[in-house]
Amino acid sequence: MNSRQPIPVVVLAGFLGSGKTTVLNHLLAGRGGTRIGVVVNDFGSIEVDAMSVAGQVGDSMVSLGGGCLCCAVDGSELDAYLEKLSAPAHRIDVIVIEASGLAEPQEMIRMLMASENPAIRYGGMVEVVDAAEFDATRTRHPETDRHLAVADLVVLNKTDRVDAAERARIERELAVLCAPGTPVVGADHGRIDPELLFDRRPWTETRGQLSFEDLLAEADGDEHGHDRCGHAHAAYESTEFTSEQALSPRRFIDFLDRRPAGLYRIKGSVHFGVPGHQECYEVHAVGRFLRFAPRPWGRGETRLSRLVLIGSGTDGPGLLRELEACREPAPHEARPESMWGVLRYVARPAEPGHEFPGTGPDET
């Protein structure tokens with residue numbers, strides 16, 4: 001039996017010209033040793049040559065250098081290709097779906113949430129918006145507002161093409177169009193940190209004294225390569241929290257419900273220690289998307305909470321103080337119903353009130 005955790009599937013949406021493919025190329029170039037499965041309609045615009053095509057791996061599947069796979073599919077084939085990509089033989093760490101042309105993002109989210117494939121789990125929806133053409137895009141594509149309403153994270157791309165006042169106006173409009181608390185990440189040329197969407201693994205493959213990541217940077221030219229893979233990190237801060245004491249599920253959920261819009265990503269694991277719920281709860285948040293995945297503690301594994309919080313303009317010491325206030329000195333005395341807030345974010349087959357990520361039975 002495969003003991004691996006389900007592979008997160010991230011939906012990347014955005015209309016033609018928004019820079020969605022540029023964002024995807026940047027994620028591929030900056031992925032480190034992470035093995036990415038990519039599902040797109042047409043990978044003619046994906047930088048296959050730059051990523052060193054290694055050969056065919058089946059119908060419409062291309063193996064990219066360093067462990068990426070690319071599929072060209074239509075909506076009816078999506079399930080079949082997700083099943084192929086999630087096969088243990090490929091050792092994929094994350095799957096990114098380019099939504100344009102496949103289906104409405106809303107329908108794709110429903111499909112992923114209702115999937116019976118135990119090897120995958122929905123990992124959030126990212127909408128790419130062209131700052132320079134924001135109003136024109138909404139005029140041409142009125143469905144833009146509907147897409148923004150279900151986005152977990154918005155990438156406001158091409159911010160270098162608008163002035164500060166125009167950017168602020170667009171961000172105010174996005175705050176109205178998106179669900180409350182949806183973060184908006186500014187970017188130019190599609191440069192966002194891959195860590196905002198998935199964990200980057202270290203490179204283990206090398207050629208001579210250089211890693212493949214070094215070779216990719218060299219292929220782009222030193223200045224351009226470092227610009228693509230390095231400078232994105234400068235815009236984000238990372239805060240780390242560790243607690244050997246269990247956390248109160250109610251206080252931790254309150255913290256997550258109140259997390260600031262500038263907090264783009266939360267990852268790690270939490271120990272609650274509530275009777276009947278003493279597993280390790282892995283937590284994954286991208287924007288407003290939130291999911292917990294319980295798993296047994298490993299033999300000899302220390303029962304503690306470890307969290308990494310990635311954001312921009314966030315108050316790191318303040319976040320740590322809030323998390324420290326979540327510590328629970330007597331978890332064994334907590335009642336099982338104290339876990340209800342956590343359990344509503346544990347992945348399960350689609351149910352009424354659970355069609356969309358981050359939506360609990362008492363939320364709208």
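**Exercise 1.** Which side chains meet Glu 166 in a salt bridge?

*Solution.* Start with the ground rules. This is a predicted model: local features need pLDDT of at least 70, side-chain atom pairs count only at pLDDT 80 or more, and totals for chains, interfaces and linings use all residues. Residues are numbered from 1 along each chain as its sequence is written, and side-chain values use heavy atoms, leaving out hydrogens and water.

Next, the rule: a salt bridge puts a side-chain nitrogen of Lys or Arg within 4 Å of a carboxyl oxygen of Asp or Glu. Glu 166 pairs with Arg 169, at 2.8 Å from N to O. Both lie in helix α6, three residues apart, about one turn of the helix. Helices are DSSP runs (H or I, at least four residues), strands likewise (E, at least two), numbered from the N terminus.

**Exercise 2.** Find the salt bridge between Glu 173 and Arg 138, and place both residues.

*Solution.* The closest N and O atoms are 2.8 Å apart. Glu 173 lies in α6 and Arg 138 in α4, so the pair ties together parts 35 residues apart in sequence. Both residues also belong to a salt-bridge network that includes Glu 166 and Arg 169.

**Exercise 3.** Sort residues of α6 into buried and exposed.

*Solution.* Buried means under 20% relative accessible area, exposed over 50%, partly exposed in between (1.4 Å probe, protein chains only). Ile 170, Leu 174 and Leu 177 are buried. They cover an arc of only 60° around the axis (taken from the directions from the helix axis to the C-beta atoms), which puts them on the same side of α6. On the other side, the exposed residues include Ala 164 and Arg 172.
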